[in-house]
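Here are some short exercises to work through with the structure open beside you. Try each task before you read its solution.

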Amino acid sequence: MFNKNTVAAGVAAFASVALAAGCAVADGNKADDVDITAMSAEELAEHLIFETNSWRDQEMQEGGGWRDRMTQDEIQKACSFDSTRNDLDGETAGKVVALAREQYQAPEGDIELGDWRKGAELADSGYGYRIGHNVDDHGTREQGGNCYNCHVMDSSVSVQGTIGPNLENYGAQRGDSQEIRQYVHQVISNPHQYFPCGEMPRFQGLLTEEQISHIMAYLLDPESPVNNR
């Protein structure tokens, strides 16, 4: 059985430690001069991400740090709708299209197709750009396009997404002219040029031009299984 004096002393010590800890927390909040209870959900998220050191600084695969990746560019800001603006208005759409055209870098000369077999592998691969405890190392394994996550491209592939349009027989239906290649290159590189604020990522800068040429071949080459179903 515990001695009453011992228990009382323990309670008093615990109370002192708790009181001291409480004061330290209160002082810290006061020093930071931050009242998170007055923040909106968006403001709180921004505060937790950027101001509390809750993210371990890491070098991103595309260069820069996590803060650079988490900072919106002008297109992302324009496309960040809030509860008061649920639809894309014409002014914003025009602004986003103009910004996307400024960002787009067209290849010099005629656009050449790569290897559709490599394009199929890239379309199937979701590897790349992940950070955390197991960072994706692009030096040991190349990043993919993860096209199957959103598009049906080859009906023989068992698992494909339906968020984006069905791309089966894409080249068979449209041909393989330079005009078509330019359009496909523009859409893969920066889809906001045609679909402002859409859900498809911008792949220029995330994939190399060679990788984009392989995915284009997978879409347009007559020998690709995309065009033979």
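**Exercise 1: the second largest pocket**

α3 (66–70) and α4 (74–78) each give at least two residues to the lining of the second largest pocket. Helices are DSSP runs of H or I with at least four residues, numbered from the N terminus. This is a predicted model, in which local features need pLDDT of at least 70 and side-chain atom pairs pLDDT of 80 or more, while totals for chains, interfaces and linings use all residues. Residues are numbered from 1 along each chain, and side-chain values use heavy atoms, without hydrogens and water.

Task: find the residues nearest the centre of the second largest pocket.

Solution. Step one: select Glu 62, Asp 73, Gln 76, Arg 202 and Leu 206, which lie nearest the centre. Step two: note that the whole lining has 23 residues.

**Exercise 2: two sides of a helix**

Task: sort residues of α6 into buried (under 20% relative accessible area) and exposed (over 50%), with a 1.4 Å probe and protein chains only.

Solution. Step one: in α6 (residues 116–124), the buried residues are Trp 116, Gly 119, Ala 120, Leu 122 and Ala 123. Step two: look down the axis of α6; the buried residues fall within an arc of 165° (taken from the directions from the helix axis to the C-beta atoms), so they line one face. Step three: on the other side of α6, Arg 117, Glu 121 and Asp 124 are exposed.

**Exercise 3: the start of the helix**

Task: which backbone nitrogen does a side-chain oxygen of Asp 115 reach?

Solution. At the start of α6, this oxygen comes to within 2.8 Å of the backbone nitrogen of Arg 117.

Methods
On a 1 Å grid over the protein atoms alone, a cavity is a set of points where a 1.4 Å probe fits but cannot get out, and a pocket is an open set with protein on both sides within 12 Å along at least five of seven lines; lining residues have an atom within 4 Å of a point. A polar contact is a pair of N or O atoms within 3.5 Å; within protein, one must be able to donate a hydrogen and the other to accept it, and residues adjacent in sequence count only if both atoms are side-chain atoms.
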